[in-house]
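Colleague: Could you take a close look at the protein surface that faces the DNA and tell me what lines it? Please go through it piece by piece.

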Protein chains: 2
Amino acid sequence: MGKKVNRKGQQGDLPSRERIIAAAVHLFARQGYGGTGLRELAAAAGVNLAMINYFFGSKKALLKEILDGFLEGYLAVARQELAGDEPLTLRLERFIRRAVDYFDANPDALLVTITELPRDDPEIIEYKAAWGRQMMAIIDREVCMPLADQGGRRLPPRLVGPMLTSMMASRFLFAPLMEHLGPDEQTLSTGEYGHLVSTLFLHGIAGTGSRPEEE
Amino acid sequence: MGKKVNRKGQQGDLPSRERIIAAAVHLFARQGYGGTGLRELAAAAGVNLAMINYFFGSKKALLKEILDGFLEGYLAVARQELAGDEPLTLRLERFIRRAVDYFDANPDALLVTITELPRDDPEIIEYKAAWGRQMMAIIDREVCMPLADQGGRRLPPRLVGPMLTSMMASRFLFAPLMEHLGPDEQTLSTGEYGHLVSTLFLHGIAGTGSRPEEE
DNA sequence: GCGAATCTTAAACAAACGTTTAATCAAGGT
DNA sequence: ACCTTGATTAAACGTTTGTTTAAGATTCGC
């Protein structure tokens with residue numbers, strides 16, 4: 001028999017580079033970026049320690065790649081669902097549903113991104129600022145301005161953007177804590193949650209009386 | 001001349017223990033808990049390295065004290081403003097205004113708490129869970145149940161609590177990033193922000209047409 | 001089969017980490 | 001003056017940190 005069944009003998013049959021990213025997202029979300037050592041990460045990925053710096057150059061660059069991947073996907077959803085000629089309400093509903101699905105598919109990456117976003121690291125802060133400017137431009141053009149045009153108040157995008165993102169992310173940001181509160185009846189599906197965020201953002205808590213399918 | 005003008009020659013004339021906490025909140029918010037070394041922290045507080053372990057026993061215990069102080073204050077606001085016989089709308093408006101003021105007065109502590117909340121550290125996770133249970137109990141009794149009684153849908157407190165907190169915290173969570181986007185016209189005061197969160201939560205984005213003083 | 005990338009490894013590097021120890025300083029009580 | 005108590009100090013403890021190096025495997029084009 002050969003030494004290994006397949007070329008990559010480690011877990012999950014993914015190439016080393018992506019196993020490192022997957023393990024990093026998992027560990028960074030649970031222990032924080034600063035609280036996770038490269039040796040622990042290498043062991044979790046089933047990879048030699050030196051491979052991390054071989055593929056990414058530095059620990060910081062690995063974090064940047066994780067943030068990059070997640071934010072790029074989030075920005076793509078915003079571009080795709082927020083633009084168009086349809087009424088604002090429809091576009092917002094679509095965007096929120098898609099964004100919540102995206103968060104639900106990448107909860108660890110969302111957690112890493114949110115918890116590392118406010119850090120003022122000179123090596124990645126300008127990258128985060130560049131992303132923020134793009135996001136604010138979309139929110140301003142596709143949400144804030146149409147809202148003002150139809151008689152509403154002119155809200156600053158730097159307020160609406162964070163608010164919208166925080167509302168959609170709240171379930172996933174608090175999920176690790178909530179899991180330690182004991183069993184919970186009454187858990188909503190991802191679809192129900194997205195619909196609820198949508199109605200809450202559009203009509204407030206008073207508008208959440210009806211279930212998704214009844215509307 | 002004496003060696004020192006006053007007994008504590010260091011900055012800010014606060015006792016050493018509180019200077020450590022103040023410096024820790026400041027540094028943890030900007031570099032993360034894991035990314036801040038005790039030597040750097042001691043230097044920032046103008047204190048000898050050994051004093052940190054002398055007062056708190058360990059780095060983890062220092063973080064716990066920070067979380068404890070902030071969450072205790074937040075819970076106190078919730079207890080004080082959310083309970084009572086007044087209509088739900090009024091109680092929510094009062095709570096949101098007070099909580100936003102509290103966040104505004106302790107933005108760094110809020111940031112540390114939010115970014116460290118999802119971490120699954122066995123030494124402090126049970127403490128966080130105990131706090132979460134108390135908060136969920138208040139939200140359920142004073143918000144979710146009254147809401148269901150007056151014809152609304154029965155929303156899980158584990159959904160409403162995180163949502164409400166995230167909405168109020170969004171401005172402060174994203175503030176460090178927004179400051180790097182260049183100058184911003186159209187910044188709201190804390191009072192205006194609190195009012196806006198309040199109307200958004202109660203009536204949705206459509207209800208934010210009027211300014212606070214016109215209402 | 002041979003050279004050339006590409007990937008993987010073990011070992012070492014200096015630096016920083018959290019924590020502990022023992023000695024010194026300053027006050028207060030008696 | 002003396003003892004006690006709390007605050008503060010410098011120094012060292014053993015680990016762990018992120019990164020680098022140089023050698024060894026593996027794969028692929030030709």
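Modeller: What follows takes the DNA strands in turn and then the domains of one protein chain. This is a predicted model.

Around DNA strand C there are 19 residues, and the closest are Ser16(A), Asn48(A), Ala50(A), Gly37(B) and Ser58(B). Two or more residues come from each of these elements: helix H3 (49–56) of chain A, and, in chain B, helix H2 (38–45), helix H3 (49–56) and helix H4 (59–82). H3(A) supplies the largest share of this surface, four residues. Sorted by class, the surface near DNA strand C holds eight nonpolar, five polar and six charged residues.

DNA strand D is likewise surrounded by 19 residues, with Gly37(A), Ser58(A), Ser16(B), Asn48(B) and Ala50(B) the closest. Here the elements giving two or more residues are helix H2 (38–45), H3 and helix H4 (59–82) of chain A, together with H3 of chain B. The largest share, four residues, comes from H3(B). The class count near DNA strand D is eight nonpolar, five polar and six charged residues.

As for the domains, chain A is divided into domain 1 (12–57) and domain 2 (66–214). Their C-alpha centres lie 28 Å apart. Where the two domains of chain A touch, domain 1 gives eight residues and domain 2 gives seven residues. On the domain 1 side of that contact, six residues are nonpolar, two are polar and none is charged. The surface near DNA strand C, by comparison, includes six charged residues.

Conventions: Residues are numbered from 1 along each chain as its sequence is written. Chains are lettered from A and ligands numbered from 1 in the order in which they are written. This is a predicted model: local features need pLDDT of at least 70, side-chain atom pairs count only at pLDDT 80 or more; totals for chains, interfaces and linings use all residues. A residue is near a molecule or strand if its C-beta atom, placed from the backbone, lies within 6 Å of it. Ala, Val, Leu, Ile, Met, Phe, Trp, Tyr, Cys and Pro count as nonpolar, Asp, Glu, Lys and Arg as charged, and the others, Gly among them, as polar. Domain bounds come from an automatic or database domain assignment.
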